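Work through the three exercises below with the model open. Each task is followed by its solution.

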Amino acid sequence: MTPPPGTPDDGTAAASSAPAPSAPPAPWALLAEVTHACPLHCPYCSNPLELVRTSAELSTEEWARVFGEAADLGVVQAHISGGEPLLRRDLTDIIAAAHRAGIYTQLVTSGLGLTPERLDELAAAGLNSVQLSLQDARRPGSDLIAGRESYTAKQQAARVIRAAGLPFGLNVVLHRRNLDNLQQIIEVGARWGADRIELANTQFYGWALHNRAALLPTRDQLDHAKTTVAAWRQQHSTPELVWVMPDYYEGVPKPCMGGWGARSITVGPDGTALPCPAAYAITDLAPPNVRDRPLSWIWEDSPAFNAYRGTAWMTGPCNDCPRRDIDHGGCRCQAHALTGDPTRTDPACSLSPDHHLVRAPAAAAEGGAAPAFIYRRPVRLARQEDRCTSES
């Protein structure tokens, strides 16, 4: 699972022609992908197509070193993610290592396997907050999107989190199959006791790109969803709603992680270090690894993290655009995924010469029914699609 949207990436080819800023700002966040193993089969999964095997994962001791180096670098918060981090038997020790380093920790979880005993243990080790994923407002639709029966476990996990008294966030990836249920999704989050609900419109990287035709919403769905969010905010102070915009429709690209190599570091299960979780796909990036280099060198000096820092690398309409210091040229990963060239203007931008690459799929979503989901591997619930859709 991966949190939120906007993925940049670095390329060594670009680094040679674009001088890096001499002093990058200190990062404030670390996305620690402790495993790619996951009990769910979500069709929008943003993890790379080639998942890291459990045998290649960083050890407890290696993660402890990474957290120490991250704290020295200025990181104040770590999202402990995956896959499903609860599948790591040493998760308590990993959390404890981050806590000893003085880093605020958030567990990003599907909720499967989160018992009161396990959460008490994690909280005692220093866990500060939990973000739970939810796929839809009701069991049939949620289980269909997750690719397995999981809604009941999530409901129970929400009770466990609330009982523990930890700050509780809910993450909902929005798309064609659940946007019409947005009001009910928000009500479920409020009923479950979430303090914050992140309404993250699908970002089309990794496996999500394979499912784009099944996931892309219609314009009417998005317009209605925005109205729903605005009405809730006007009428309710809690839970806080965070709306992550759908960049296939706005004509304005999302700010790429607040700037490439500007705020956050992603460390994959095998120690691969990236400016964002979608950067695995940029094939000429040659990302560094925390097993080979200290995190300070990776952040400050590596060609990968310097490739798209600043504005010197920009091409096309980005060069003279007044928004270039606001949206940073858009998403490098999306530019690569759709054009094969991470230096091109993000096709989500209406000024991009490649804007048709997002306009055409969005237009196609307006007519006819969406195809069935393509899961990473066959799942039994996929055969129940029509029944689940009608009940959700």
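**Exercise 1. Cysteines**

Find how many disulfides the whole structure holds.

Solution. The model is predicted. A search of the whole structure finds 0 disulfides. Take Cys318: the nearest cysteine sulfur belongs to Cys349 and lies 6.5 Å away. A disulfide needs two cysteine sulfur atoms within 2.5 Å, so Cys318 is in none. Next, Cys321: its nearest cysteine sulfur is that of Cys349, at 6.2 Å. Cys321 is in no disulfide either. Now check accessibility. Cys318 has a relative accessible area of 8%, and Cys321 has 16%. Buried means under 20%, so both cysteines count as buried.

**Exercise 2. The core**

Identify the residues with the most contacts inside the largest nonpolar core.

Solution. The largest nonpolar core has 101 residues. Phe67 and Leu199 have the most contacts inside it. Helix H3 (residues 91-100) gives the most to this core, with 6 residues. Then list the partners of Leu199, leaving aside neighbours within four places in sequence. Among them are Val172, Leu174, Leu182, Ile186, Val229 and Trp243.

**Exercise 3. Backbone**

Locate the cis peptide bonds at Gly83 and Pro239, and the positive phi angles at Ala286 and His328.

Solution. Recall that most peptide bonds are trans, and most residues other than glycine have a negative phi. Gly82 and Gly83 are joined by a cis bond, omega about 15 degrees. Gly83 sits in the loop between strand S2 (77-81) and H3. Thr238 and Pro239 are also joined by a cis bond, omega about -10 degrees. Pro239 lies in the loop between helix H10 (219-235) and strand S7 (240-244). Phi is about 50 degrees at Ala286 and about 55 degrees at His328. Ala286 is exposed, at 52%; His328 is partly exposed, at 23%.

Notes
Residues are numbered from 1 along each chain as its sequence is written. This is a predicted model: local features need pLDDT of at least 70, side-chain atom pairs count only at pLDDT 80 or more; totals for chains, interfaces and linings use all residues. Side-chain values use heavy atoms; hydrogens and water are left out. A nonpolar core is a set of buried Ala, Val, Leu, Ile, Met, Phe, Trp, Tyr and Cys residues joined through side-chain atoms within 4.5 Å. Buried means under 20% relative accessible area, exposed over 50%, partly exposed in between (1.4 Å probe, protein chains only). Helices (H or I, at least four residues) and strands (E, at least two) are DSSP runs, numbered from the N terminus. Contact means heavy atoms within 4.5 Å.
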